[in-house]
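Colleague: Before I use this model at the bench, I would like to know what the terms rest on. Please take me through them.

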Amino acid sequence: MCGIVGYIGARPAAGLLLSGLESLEYRGYDSAGIAVMENEKISVAKEKGRLAGLREVLDTSPLSGNIGIGHTRWATHGVPSVKNSHPHTNTDGTIAVVHNGIIENHEALKDYLQKKGYSFKSETDTEVIPHLIDYYYDGDLLSAVRKAAEKLDGSYAIGVISSKEPDKIVAVRKDSPLIVGLGKDGNFIASDIPAILSETKDVYLLNDNEFVTLTKSGVAITDADAKPIEKEIFKVQFSAQASQKEGYDHFMLKEIHEQPVAIRNTLRGRLDKDLKLNLDNLKFSDDIEKLYIVACGTAYHAGLVGKKAIETLAKLPCEVCLASEFRYGDPLINKNTAVLVVSQSGETADTLAVLRMAKKLGNTVYAITNVVGSSVAREADYVFYTYAGPEIAVASTKAYTTQLVAFYLFAIHLAELKNTVRQSELDDMKNELLHLDEVVSDILKSDDEIKKLAADIAGERDIYFLGRGLDYFVAMEASLKLKEISYIHSDAYASGELKHGPIALIENGTVVISICTNPEISNKLNSNVKEVTARGAKTIGFTACLSDTAAYNEIIKLPQVDPLLAPLPAIIPLQLLAYHVCTAKGFDVDKPRNLAKSVTVE
Ligand code: M6R
């Protein structure tokens, strides 16, 4: 996590760094800092907490200069504090470094450097980097950074400035994202494209172990052996506006409302009005007997729905795994398996590590991702972009629904390749898919009703979600959404599992939210709802099965669609519910505590 940015050019750096950091704040917001080259000397400003704190510091004591680096932190090593904030410097303050990632061998390096006489001020892993660069510096900053990087284990995107060579920024990445922006009157580095989008749409996407030297007039990229690298300019397709709130109070609300468009964009060019599917670029060998779907968080929940879609339509056995578990679980990968990773950001450390592990073991890797040019996108064999547009809120919404669309298309594609289901059945599903955006638009109109419900439950301590089959997966996603932004304790249970333990938690007035989209199993769910009602629960049903609703204290109607597609519309009111509970409690919707959008550490 953490976001880094750098600017070198003709304009004052501080303002540009702050606006870049603002777009990167989704990556972490425990503290922020910048270092600017002022009259060939480095000046540093840092503050604990949100970027607003750093802005106040800079309002009182502005930093001038046209070269600088900045950082917004998600604390890993050391508590959020000014002392632990980046940029970190060497002893005499002639080298300043911002870093995103984790230096795994920092203890050993610190030990080594302390023996050489270096002293440390912070508790961070990062502080070894400026000292190490200082240690190797012999008149060439780039070569000192290269030598230092050789000693670092772990992940890093690093930006470095030095008053010994005050006309450049040096940067490098390994396993943490970093891009270079080519502006009209200066050049940038950043962890992510939105940070520089108001300045330029021309970027270089850096690969691991590529070193960049930025000057006012140019950018030079070299590899670990100092060989020059020629790169193509990548033209960003979305606008800076797409990363703004555009009149909404919060990014999360904007992103919830963008779902109809995001769904259309994900379908565009892949599913025609005449029901022809164009996914021929996703090759799938007949030898593949099993698919591992691997992801984290919300993307994992999308994977659970994806498994059901692929198994139902393409009759291909799938296993859905959390990336952090899969890596160390000794999975049975062999020549007859393939791996499909799902990641909005395309930078999640555990998911990326699984991708690399699978490729090393010779497996074909498919990826569903939202970020063009992300590490996952660049390294997978076959990529399915979700085209949801930038997702800024930490709580994922439009990424989830477009990941579901990706899975549905993928499942239908495999079914057509394998000829596993009658074409008419697939065509019916395609037809429904083409209209899902309208279904979602309709649900979004029920916002007022959901807001009222949110006000009723915002004071609760615990809220439980129940579902069966696919609805259980919706319950899991709804529960994650609620807890991550409202801080209400919440769990999701497969409703049939209740009697095996969780029902002991139900007290008089406990709120239980049930999701029911499949009429064929609604009576089973209803029995479970009655069981909790008998124990005093207040029951709320999000249901498309309206024939038997007597068990509920309150009902939110869901639309009737094909049961396989139902998780998509079903999650929309539950996203709205989480949003409104959070605003009713007055919490920060887009930047919930302890979290960051892009989890680039293990
Ligand atoms: O970028 P990714 O899709 O790989 O991110 C995975 C999770 O970190 C992410 O979905 C997380 O669970 C969200 N905060 C949930 O809203």
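Modeller: For residue classes, Ala, Val, Leu, Ile, Met, Phe, Trp, Tyr, Cys and Pro count as nonpolar, Asp, Glu, Lys and Arg as charged, and the others, Gly among them, as polar. This is a predicted model, where local features need pLDDT of at least 70, side-chain atom pairs count only at pLDDT 80 or more, and totals for chains, interfaces and linings use all residues. Residues are numbered from 1 along each chain as its sequence is written, and side-chain values use heavy atoms, with hydrogens and water left out.

Colleague: What makes up the shell around the ligand, by class?

Modeller: The shell has 6 nonpolar, 7 polar and 2 charged residues. A residue is near the ligand if one of its heavy atoms lies within 4 Å of it. On that basis 15 residues surround the ligand, the closest being Ser343, Gln344, Ser345, Thr348 and Glu484.

Colleague: Why is the ligand said to lie between domain 2 and domain 3?

Modeller: Domain 2 (245-440) and domain 3 (447-585) both give residues to the shell, so the ligand lies between them. The bounds come from an automatic or database domain assignment.

Colleague: What makes the approach of Thr348 to the ligand a polar contact?

Modeller: A polar contact is a pair of N or O atoms within 3.5 Å; within protein, one must be able to donate a hydrogen and the other to accept it, and residues adjacent in sequence count only if both atoms are side-chain atoms. An N or O atom in the Thr348 side chain is 2.4 Å from an oxygen atom of the ligand, so the pair falls within the limit. For Lys481, a polar side-chain atom lies 2.9 Å from a ligand oxygen.
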